[in-house]
Amino acid sequence: MQDLGYAILGSGMAGFGAANVLSSNGIKARLYEKRMRPGGLTTSFGSGDGFIFDEGVHISFTKNERVKNLFAQSTGQRFETGNVYCNNYWHGHWIKHPAQVNLNGLPTDLVVNCIQDFVEARQVQNPRIENYHDWLLAAYGKTFAETFPMVYTRKYHTTDAVNMSTDWLGPRLYRPSLEEVLRGALEHEPLDVFYVNEFRYPTQGGFESFISGFYDKAEVLCDHEIAAIDMKEKRLTFLNGSTSTFFKLISSLPLPVVIPLIAGVPADVREAAAKLACTQVVVVNIGLNRVIDVKQQWSYFYDEDIPFARISYRGNLSQGSVPLGCDALQAEIYFSEKYRPFAGQPGDLIESTIDALIKCGIVVSRKEIVHQSAIFLPFGNVIFDLDRKQAVDIVHGYLKDIGIETCGRFGQWGYIWTDAAFLSGERAARSAMGLHASAEE
Ligand SMILES: Cc1cc2nc3c(=O)[nH]c(=O)nc-3n(C[C@H](O)[C@H](O)[C@H](O)COP(=O)(O)OP(=O)(O)OC[C@H]3O[C@@H](n4cnc5c(N)ncnc54)[C@H](O)[C@@H]3O)c2cc1C
């Protein structure tokens, strides 16, 4: 394996996607990571009392057979697989996801208003759509839009739908027919229209087992936070005082992080990078001394007085993540520097999370809690606000000009999952080597 001076910044899925391609071409890249261990957002950790938690729940939904096989190999073929089942909590009611085709069981007035507004919205020809708010009204009608997705948007994206674009939607939000809405209002759980259906999760070690098999594909240097990038000298300077040179540079670092590190960045590029908004996540981990007897792998929460937007059920992903006879939950509470800054410590949110879990009936009493902890993720999801597109184009154009290959959720600044992050790293590595895009993707 040769060291040809390829440097990869960031040790998440994208970084190891890049390392994997370079390694298959006989190149041992140097991979720099600021934290003390690799894995990025796909890191898992043991609680010390038998629970394994992810840095925010991660489940693989990839439909790409090659990625499926690579992830499976990483676990030594030890993974769980199953059908996705998730649901929604709204003011004391549990309904299957997606809510728009599962209104059965909600208060009659609400269901009637949702259907009436849905029919009215469908009658508007060529509705004017300038933002996500307009899109929601046109797709679902006023009552449903205002009761469910607009509230969830504030909880999850930390801003109002009116501030968001629609270029991230893809298949994420299902647009039902009238027949589907009516059936969902009249029948209990009639339809399966969610855009993901099968999931995979490692049997042991949490989600990280899907990436840890790649850790030997590069020379991984942890505790190497990049402090400066000099593209003329092709030199990296690290916060720990060391420096290193490179021939080709691949970065999965968040764009607002990487831009200020580069010597001589033009002011307009700096300003564009500063406009990019991203959520931050406090993840509250709760371990229970009993099994939670539910079917779902995760649930969405719409009530504004419930702090978390989502919770996941660890034992329903893999029994290997919880001690025998126990179970665990991970709750996600969203913030953002731009729209809802987080002040305080992650642990400050544990008590309000437990209160809400008790209110929803998921936790019966504090006595059954045997583990509680909280972590903070500084980069969660890209916020597709109205500033994003133009700002990303400026930043990407500049990085291309100076020869930095970007990849990953925060290098692309997109709504991409682990499989897409891995593939984007592979693409960046091929581009750095001057190879054409692979047909394998
Ligand atoms: C709460 C949550 C739940 C999710 N659930 C799922 C899911 O169920 N399924 C799914 O497929 N995807 C899920 N995702 C998305 C998934 O996490 C990402 O798509 C993927 O992990 C991104 O990988 P990445 O390599 O692009 O970024 P990252 O994993 O963030 O890697 C970037 C790395 O760069 C490092 N870094 C940053 N600054 C510096 C610096 N100055 N110097 C050196 N290193 C630095 C970081 O420490 C990090 O390790 C979820 C994301 C979140 C936030």
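This is a short guided tour of a predicted model, with a selection to make at each stop.

Before you start, note that residues are numbered from 1 along each chain as its sequence is written. Local features need pLDDT of at least 70 and side-chain atom pairs count only at pLDDT 80 or more, while totals for chains, interfaces and linings use all residues, and side-chain values use heavy atoms, with hydrogens and water left out.

**Stop 1: the ligand**

Select the ligand and display its shell, where a residue is near if one of its heavy atoms lies within 4 Å. You should find 32 residues there, the closest being Glu33, His58, Ile59, Ile416 and Thr418. Colour the shell by class and you get 14 nonpolar, 11 polar and seven charged residues. For this colouring, Ala, Val, Leu, Ile, Met, Phe, Trp, Tyr, Cys and Pro count as nonpolar, Asp, Glu, Lys and Arg as charged, and the others, Gly among them, as polar.

Which elements each supply at least two residues of this shell? Turn on the cartoon and pick out α1 (13-24), β17 (327-336), α13 (409-412) and α14 (418-432). Helices (H or I, at least four residues) and strands (E, at least two) are DSSP runs, numbered from the N terminus.

Now zoom in on the oxygen atoms of the ligand. One lies 2.5 Å from a side-chain N or O atom of histidine 58. Leucine 41 places a backbone N or O atom 2.8 Å from a ligand oxygen, and for methionine 13 the distance from a polar backbone atom to a ligand oxygen is 3.1 Å. On its own the ligand has 1000 Å² of accessible area, and the protein covers 94% of that. Such areas come from the Shrake-Rupley method with a 1.4 Å probe; for residues, only the protein chains shown count as cover.

**Stop 2: glutamate 332**

Stay with strand β17 and select glutamate 332. Is this residue buried or exposed? Glutamate 332 is buried, because its relative accessible area is 3%; the cut-offs are under 20% for buried, over 50% for exposed, and partly exposed in between (1.4 Å probe, protein chains only). Add arginine 310 to see a side-chain to side-chain polar contact at 2.8 Å (a pair of N or O atoms within 3.5 Å; within protein, one must be able to donate a hydrogen and the other to accept it, and residues adjacent in sequence count only if both atoms are side-chain atoms).

**Stop 3: backbone surprises**

Most residues other than glycine have a negative phi, and most peptide bonds are trans. With that in mind, go to the loop between β7 (93-96) and α3 (108-123) and select proline 98. A cis peptide bond, with omega about -5 degrees, links histidine 97 to proline 98. Proline 98 is buried, at 4% relative accessibility.

Next, select asparagine 126, in the loop between α3 and α4 (132-140). Its phi is positive, near 45 degrees, and asparagine 126 is exposed at 74% relative accessibility.

Finish at threonine 158, in the loop between α6 (149-156) and α7. Threonine 158 also has a positive phi, about 70 degrees, but this residue is buried, with a relative accessible area of 6%.
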